[in-house]
Amino acid sequence: SKLDDDEISERIHHVTGGNMNKVVKLIRRAAREAISENSENITFKHLSEAFEFYYSESEKQNPFHVAS
């Protein structure tokens with residue numbers, strides 16, 4: 001995944017409110033998910049898992065969720 005893709009960056013901004021600390025935490029967690037699967041790229045699935053890790057108690061909907 002290209003994190004500079006407009007769709008992805010807009011979703012990251014929506015979730016984090018542009019707070020750089022939150023952006024970094026979300027991306028780091030997504031990177032951990034990707035590494036644990038030996039993936040070379042961060043995918044929507046990894047971002048979705050990172051979102052669930054940090055925001056599972058939140059009422060925010062997961063903007064990275066991809067139906068399987």
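What percentage of the contacts in the chain with a separation of 6 or more is accounted for by residues 24 or more positions apart? In this predicted model, such residues account for 42% of those contacts. The paragraphs below proceed from the overall architecture to the core and then to the aromatic side chains.

The secondary structure of the chain consists of three helices and zero strands, and the order of elements from the N terminus is α-α-α. The chain has a radius of gyration of 11 Å, close to the 11 Å given by the globule rule for 68 residues, so it is as compact as a globular protein of that length. Its C-alpha trace spans about 30 × 25 × 25 Å along the principal axes. The accessible surface of the chain amounts to about 4,900 Å², and carbon and sulfur atoms contribute 47% of this area. Of the 68 residues, 29% count as buried.

In soluble globular proteins, nonpolar side chains tend to be buried together. In the present model, the largest nonpolar core comprises 13 residues, and those with the most contacts inside it are Ile12, Leu47 and Phe64. Two or more residues of this core are supplied by each of helix 1 (6-16), helix 2 (20-36) and helix 3 (44-55). The surroundings of Ile12 can be described in detail: with residues up to four places away in sequence left out of the count, Ile12 touches Leu3, Val23, Leu26, Ile27 and Phe64.

Attention now turns to the aromatic rings. A search of the whole structure yields three aromatic pairs. In one of them, the ring centres of Phe51 and Tyr55 are 5.1 Å apart and the planes meet at 25°; because planes under 30 degrees apart count as stacked, this pair is classed as stacked. Phe51 and Tyr55 are four residues apart in helix 3, and therefore about one helical turn separates them. Both residues are buried.

A further aromatic pair is formed by Phe53 and Tyr54, with an edge-to-face arrangement: the centre-to-centre distance is 4.9 Å and the angle between the planes is 90°. Are these two residues buried, exposed or partly exposed? Phe53 is partly exposed, since its relative accessible area is 46%, and Tyr54 is likewise partly exposed, at 36%. Phe53 has a charged neighbour as well: Arg29 lies over the face of its ring, at 3.7 Å from the ring centre.

Conventions: Residues are numbered from 1 along each chain as its sequence is written. This is a predicted model: local features need pLDDT of at least 70, side-chain atom pairs count only at pLDDT 80 or more; totals for chains, interfaces and linings use all residues. Side-chain values use heavy atoms; hydrogens and water are left out. A nonpolar core is a set of buried Ala, Val, Leu, Ile, Met, Phe, Trp, Tyr and Cys residues joined through side-chain atoms within 4.5 Å. Buried means under 20% relative accessible area, exposed over 50%, partly exposed in between (1.4 Å probe, protein chains only). Contact means heavy atoms within 4.5 Å. Rings of Phe, Tyr and Trp (its six-membered ring) pair if their centres lie within 6.5 Å; planes under 30 degrees apart count as stacked, over 60 as edge-to-face and the rest as tilted. A charge sits over a ring if NZ of Lys or CZ of Arg is within 6 Å of the ring centre and within 35 degrees of the ring normal. The radius of gyration is taken over C-alpha atoms; the globule rule is 2.2 Å times the number of residues to the power 0.38. Accessible areas come from the Shrake-Rupley method with a 1.4 Å probe; for residues, only the protein chains shown count as cover.
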